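Grab a pencil and have a look at the protein below. Try each exercise yourself before you read its solution.

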Amino acid sequence: AFVPALELARQRLISDRRSEPRVGERVPYVIVYGSPGLPLIELVRRPEDVLSNPSLRLNGTYYITKQILPALNRAFSLMGVDVYQWYSELPRVQRPSVIPCPEDPSSRKGTIGQYFTSMHCPICENLTNDGICKECQKS
């Protein structure tokens with residue numbers, strides 16, 4: 001069984017035996033992006049870890065598909081709207097990544113995605129070197 005709070009509680013106990021959560025105490029956690037094929041339990045992090053480590057990013061796809069869409073589907077299914085189909089038909093936009101400045105030593109750690117930028121406009125997906133193409137900047 002996948003119990004993220006239990007996994008985090010075990011990790012806290014390894015570092016400090018006194019940090020055992022009380023009965024009924026909520027243990028906050030978030031799901032981050034990870035390597036493909038990695039079990040979901042290994043993507044569980046404390047919110048403080050995500051705030052202190054810029055290379056960790058919240059897994060937006062997980063939260064959309066597991067938290068937001070089920071709630072929307074319950075509401076909109078009363079009107080005959082299939083939220084899951086709508087979400088699958090949405091265009092996927094690739095956002096350009098930021099290249100870290102090599103002079104800043106703190107920017108050297110992170111993921112390989114930080115060292116590449118997209119050559120496509122995030123709006124119309126045409127090739128460009130400017131981030132957003134000239135045509136989209138005009139409109």
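Here come five short exercises, each with a worked solution.

Before you start, note that this is a predicted model, where local features need pLDDT of at least 70, side-chain atom pairs count only at pLDDT 80 or more, and totals for chains, interfaces and linings use all residues. Residues are numbered from 1 along each chain as its sequence is written, and side-chain values use heavy atoms, with hydrogens and water left out.

**Exercise 1. The overall layout**

Work out how many helices and strands the protein has, and in what order the elements run.

*Solution.* Start by counting: there are five helices and two strands. Helices here are DSSP runs of H or I with at least four residues, strands are runs of E with at least two, and both are numbered from the N terminus. Next, read along the chain from the N terminus, and you get α-β-β-α-α-α-α. Finally, look at burial: 20% of the 139 residues count as buried. Buried means under 20% relative accessible area, exposed means over 50%, and partly exposed is in between (1.4 Å probe, protein chains only).

**Exercise 2. Checking a helix with a ruler**

Compare the expected span of helix α1 with the distance between its end C-alpha atoms.

*Solution.* First, the recipe: the expected span is 1.5 Å times one less than the number of residues. Helix α1 covers residues 4-15, twelve in total, so it should span 16 Å. Its end C-alpha atoms are 17 Å apart, which agrees. Now, which residues of α1 are buried? They are Pro4, Leu8, Ala9 and Leu13. These buried residues pack against β2 (44-45), where a contact means heavy atoms within 4.5 Å.

**Exercise 3. A loop residue**

Decide whether Asn59 is buried or exposed, and find what Asn59 touches.

*Solution.* Locate Asn59 first: the loop between α2 (47-52) and α3 (60-76) holds this residue. Asn59 has 11% relative accessibility, so it counts as buried. Leaving out residues up to four places away in sequence, Asn59 touches Ile31, Val32 and Tyr33.

**Exercise 4. Salt bridges**

Find the residues that are linked in a network of salt bridges.

*Solution.* Here's the idea: side chains of opposite charge can pair when their charged atoms come close. The rule asks for a side-chain nitrogen of Lys or Arg within 4 Å of a carboxyl oxygen of Asp or Glu. By this rule the count is two. Arg46 pairs with Glu48, with the closest N and O atoms 3.9 Å apart. Arg46 also pairs with Asp49, and here the closest N and O atoms are 2.9 Å apart. Put together, Arg46, Glu48 and Asp49 make up the network. How exposed are they? Arg46 is partly exposed at 32% relative accessible area, Glu48 is partly exposed at 42%, and Asp49 counts as partly exposed at 24%.

**Exercise 5. A bent helix**

Find where α3 bends, and say what its buried residues pack against.

*Solution.* Go to Leu69, where α3 bends by about 40°. That bend is the angle between axes fitted to the seven residues ending there and the seven starting there. A proline, Pro70, follows within four residues. Then list the buried residues of α3: Tyr62, Leu69, Pro70 and Asn73. They pack against β1 (30-31) and α4 (83-89). For contrast, try Ile68, also in α3: at 43% relative accessible area, Ile68 is partly exposed.
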